[in-house]
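Trainee: Could we go through this protein slowly, taking each descriptive word and setting it against its definition?

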Amino acid sequence: MSTRIAFLKGHGTENDFVIVPDPENVIDLPPAAAAALCDRRAGIGGDGLLHVVRSAAHLEARDMAAEAEWFMDYRNGDGSVAEMCGNGVRVFARYLQRAGHAAEGDLTIATRGGVKRVHLAKNGDVTVGMGRALLPGGDVVVSVDGRSWPARNVNMGNPHAVAFVADLAHAGDLYSPPPYEPATAYPDGVNVEFVADRGPRHVAMRVHERGSGETRSCGTGACAVAVATARRDGADPTVTGTPATYTVEVPGGTLVITERPDGEIEMTGPAVIVAEGEFDAGWLEGVLA
């Protein structure tokens, strides 16, 4: 009899994920397996995969086990490993709550981008401490269909290029990674955000996530956009001592991003579990054969 493996499906502002609970890290999930599970036609379908593992059971997370019991072993939709996923952390936290591993209130989650502090609110929103943004120097330019724009280089534990445009349609279809220069700015690829103003401290964005294509939302991208917009607007909370809060519209909903005077960035938004079930390990073995 084939082994059945449990999974769930969840999303944060329509950035959707396959969730595979595996506390002791016994399920082999090479890149091809993660990509097969995220395939929207032949698999379960998702922008990425959340592999739920106890930190003590994973080589990359053991040194974080004292701070965070659970490790978000995150994979992009193409199976590649990513440092962090802001929407993914919120959905991961919602899964832990659903499974009885966490309660309403505060918890910590280990990621490849470090330990993230999370708050599960009574109203269903989840707030994630996303850490500080790094703003590497140097000029970056992104291009789509013959148009080019200067972009702000922002690192949120993963790399982002933020470009301000008059119309989000200028971003094109975002199926393929937008070209950027210089190539040396992002040796491992980059998430590219296109941003349009909607009002005071209110912007809208579209994003190409490396390894996934255009997604309905990107949490780290929304944080990068808020920081880049604040700097464009002349706001730096670490200098002014005043928090800067931006509403960021994504195709899948709305996120609220606050940069505090100490440089820490908080992201608040919804996280929903929509389904759970099992898949046949034999099917996955067949895909990988």
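Mentor: Let us begin with pairing, for two strands pair if DSSP finds at least two bridges between them, while strands (E, at least two residues) and helices (H or I, at least four) are themselves DSSP runs, numbered from the N terminus. This is a predicted model, in which local features need pLDDT of at least 70 and side-chain atom pairs count only at pLDDT 80 or more, whereas totals for chains, interfaces and linings use all residues. Residues are numbered from 1 along each chain as its sequence is written, and side-chain values use heavy atoms, with hydrogens and water left out.

Trainee: What makes strand β3 and β4 a pair, and in which sense do they run?

Mentor: Strand β3 (residues 48–54) and β4 are joined over seven bridges in the antiparallel sense, and the definition asks for at least two, so they count as paired. One of the contacts along this edge is V53, whose bridge partner in β4 is F71.

Trainee: How do you know that β4 and strand β5 pair as well?

Mentor: β4 and β5 (residues 105–111) have two bridges, in the parallel sense, and since at least two are required, the condition is met. Here W70 stands opposite I109 in β5.

Trainee: Why is strand β4 called largely enclosed?

Mentor: Buried means under 20% relative accessible area, exposed means over 50%, and partly exposed lies in between (1.4 Å probe, protein chains only). Seven of the seven residues of β4 (residues 70–76) are buried, so the rest of the structure largely encloses the strand. Both faces are covered, with W70, M72, Y74 and N76 buried on one side and F71, D73 and R75 buried on the other.

Trainee: Why is L174 called buried, and which word fits R201?

Mentor: L174 has a relative accessibility of 2% and therefore counts as buried, whereas R201, at 38%, counts as partly exposed. L174 is placed in the loop between β10 (159–164) and β11, and R201 in the loop between β12 and β13 (202–209).

Trainee: What makes the phi values of these two residues worth a remark?

Mentor: Most residues other than glycine have a negative phi, and most peptide bonds are trans. L174, however, has a positive phi near 60°, and R201, also not a glycine, has a positive phi of about 50°. As for peptide bonds, E181 and P182 are joined by a cis one, with omega about -5°.

Trainee: How do you know that the length of helix α3 is close to what is expected?

Mentor: The expected span is 1.5 Å times one less than the number of residues. Helix α3 (residues 219–232) has 14 residues and reaches 20 Å from its first C-alpha to its last, close to the 20 Å expected. Of those 14 residues, 13 are buried, so α3 is largely enclosed by the rest of the structure.

Trainee: What makes a group of residues a nonpolar core?

Mentor: Such a core is a set of buried Ala, Val, Leu, Ile, Met, Phe, Trp, Tyr and Cys residues joined through side-chain atoms within 4.5 Å. The largest has 52 residues, and those with the most contacts inside it are M72, L96, I109, M205, V248 and I257. α3 gives the most to this core, with eight residues. Apart from it lies another core of 17 residues, including V140 and W149.
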